[in-house]
Amino acid sequence: IATLGVMGGGQLGRMFVQAAQEMGYYTAVLDADPVSPAGLVSHFHIQTGYEDAAGLAELAERCDAITTEFENVPAPALQTLAASRPVAPAASAVAVAQDRIAEKAHFVACAQAGGVGPAPYAALETEADLAAVGDLLLPGILKTARLGYDGKGQARVKDRAELAAAWDSMGRVACVLEKMLPLKAELSVIVARGADDQVVNFPVQRNLHRDGILAVTEVFDGNVPAELAERAIATTATVARQLGYVGVLCVEYFVIDDGSEHGGLVVNEMAPRPHNSGHYTINACDCSQFELQVRAMAGLPLVQPRLHSPTVMLNLLGDLWFQHGQPVEPPWAQILALPGAHLHLYGKLQARPGRKMGHLNLTGASVEQAQATALRCAELLGMAPWR
Ligand code: ATP
Ligand code: MG
Ligand code: MG
């Protein structure tokens with residue numbers, strides 16, 4: 001029996017492991033946390049840091065192929081594993097996604113090949129870079145080049161004085177400064193690419209972020225103007241191909257208000273793994289993003305997934321486990337009484353505000369039904385409505 005391994009034990013790893021097990025694989029997780037969501041459900045849990053030589057050796061020893069669920073797994077660790085086992089995505093592709101400066105340069109190269117380009121930006125690494133920042137980029141968002149997620153490692157700056165102060169407070173680490181854009185909507189596209197260059201895609205996801213964290217994803221026919229959807233899908237495939245990427249890749253987009261009917265499309269960032277905005281695929285598609293990750297890394301055929309139900313995904317953040325500062329259990333029985341409500345919890349032992357504890361996929365026979373169920377869930381949970 002073959003064993004598939006994953007670097008990282010978070011919820012993405014957990015859902016990957018579950019998909020792999022459904023297909024008969026044994027699974028191994030490397031994560032130092034003894035109660036990591038993926039480690040808890042995996043056959044083998046190697047409890048070491050990502051760079052621990054013995055841990056990496058054990059993972060390679062146990063596994064026939066290895067992937068990653070955490071985008072900040074050190075690329076050299078993936079390189080080490082790749083010396084003895086197939087690793088997908090490759091360290092070189094993950095390294096581009098881990099560094100906003102390299103990532104933006106990759107998007108620019110893809111735009112030259114006909115894809116959608118990024119927001120106007122500048123790399124900020126030296127004093128001279130700071131002095132050279134053009135007025136066009138302000139007001140802007142300063143983002144650390146490495147290790148940011150959920151809006152962490154970002155500062156919104158109005159002018160040069162705020163920019164200099166924000167960069168100082170980040171310790172002058174390498175950053176990108178992006179022009180602040182007037183967003184009409186946020187989208188994401190998930191593709192899977194095989195080693196044989198086959199690329200398949202999920203439909204375009206429409207995402208709502210709150211406080212820098214994904215809150216709601218809606219997917220149904222017509223949720224995005226066809227012309228924008230086609231360009232976003234084509235660009236995502238180009239981004240994957242030009243990286244020689246193998247596995248599941250998500251690319252985030254902005255729709256900006258540029259005076260045109262549907263708005264302009266800008267590429268934001270990528271994640272070298274299954275993505276939070278793709279969790280709906282478990283219940284609304286005939287093949288989930290996690291199954292495609294299994295197939296891609298195991299060298300199995302990829303298939304174009306089909307959305308069979310209009311769907312809304314609600315992220316369940318730790319905030320929902322508290323009311324007036326007191327711990328509470330969210331009203332699952334009332335939620336699960338709703339047809340089309342699919343509850344996913346990640347087995348995290350401690351709820352904390354802002355922590356991703358689980359998600360709800362709400363499916364329906366019609367868009368209206370899925371949306372009505374989602375709005376009812378939001379009401380039951382005390383979440384703000386979005387429409
Ligand atoms: P993730 O958790 O998705 O990896 P992140 O911390 O890497 O997030 P971004 O996706 O770059 O951060 O930005 C977070 C959010 O901030 C975006 O989803 C968007 O709502 C807003 N944002 C980022 N860049 C811009 C911009 N240039 N103009 C306007 N809004 C922006
Ligand atoms: Mg990010
Ligand atoms: Mg993002």
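Let me start with helix α5, residues 100-112, which lies across β5, β6 and β8 and runs at about 50 degrees to β8. I should say how these words are used: helices (H or I, at least four residues) and strands (E, at least two) are DSSP runs numbered from the N terminus, contact means that the C-beta atoms of two residues, placed from the backbone, lie within 7 Å, and axes are lines fitted to C-alpha atoms, for helices over the stretch in contact, with angles from 0 to 180 degrees between N-to-C directions. This is a predicted model, in which local features need pLDDT of at least 70 and side-chain atom pairs count only at pLDDT 80 or more, while totals for chains, interfaces and linings use all residues. Residues are numbered from 1 along each chain as its sequence is written, and chains are lettered from A and ligands numbered from 1 in the order in which they are written.

The strands under α5 belong to an open sheet of 4 strands in the order β5-β8-β6-β7, with antiparallel pairing, where two strands pair if DSSP finds at least two bridges between them. Its edge strands are β5 (121-124) and β7 (154-157), each of which pairs on one side only, and the twist from one strand to the next averages 20 degrees. Between β5 and β8 there are 4 bridges in the antiparallel sense, and A122 has L177 of β8 as its bridge partner. A further helix, α7 (residues 160-169), lies across β5, β6, β7 and β8 and runs at about 165 degrees to β7. In the loop between α7 and β8 we find R172, whose phi is near 55 degrees, a positive value in a residue other than glycine.

Now to the other sheet, which is also open and has 4 strands, ordered β3-β2-β1-β4 with parallel pairing. Here β3 (44-46) and β4 (65-68) are the edges, each having a single partner strand, so one side of each has no neighbour in the sheet. Strand β2 (residues 26-30) is joined to β3 by 3 bridges, the two running parallel, and A28 stands opposite F44 in β3.

Next, the helix pair: the axes of α3 (residues 75-82) and α4 (residues 91-98) come within 9 Å and cross at roughly 170 degrees. That makes α3 roughly antiparallel to α4, a label given to angles over 145, whereas those under 35 degrees count as roughly parallel, 65 to 115 as roughly perpendicular and the rest as oblique. In α3, residues A75, L78, Q79 and A82 meet A91, V94, A95 and Q98 of α4. The loop between α3 and α4 holds P89, and the peptide bond from A88 to P89 is cis, with omega near -5 degrees.

Finally, which residues come nearest to ligand 1? Of the 19 residues around ligand 1, they are Y149, D150, E178, L181 and H209, a residue being near when its C-beta atom, placed from the backbone, lies within 6 Å of the molecule or strand. The shell around ligand 1 draws at least three residues from each of domain 2 (120-179) and domain 3 (183-381), with domain bounds coming from an automatic or database domain assignment. The centres of domain 2 and domain 3, taken over C-alpha atoms, are 29 Å apart.
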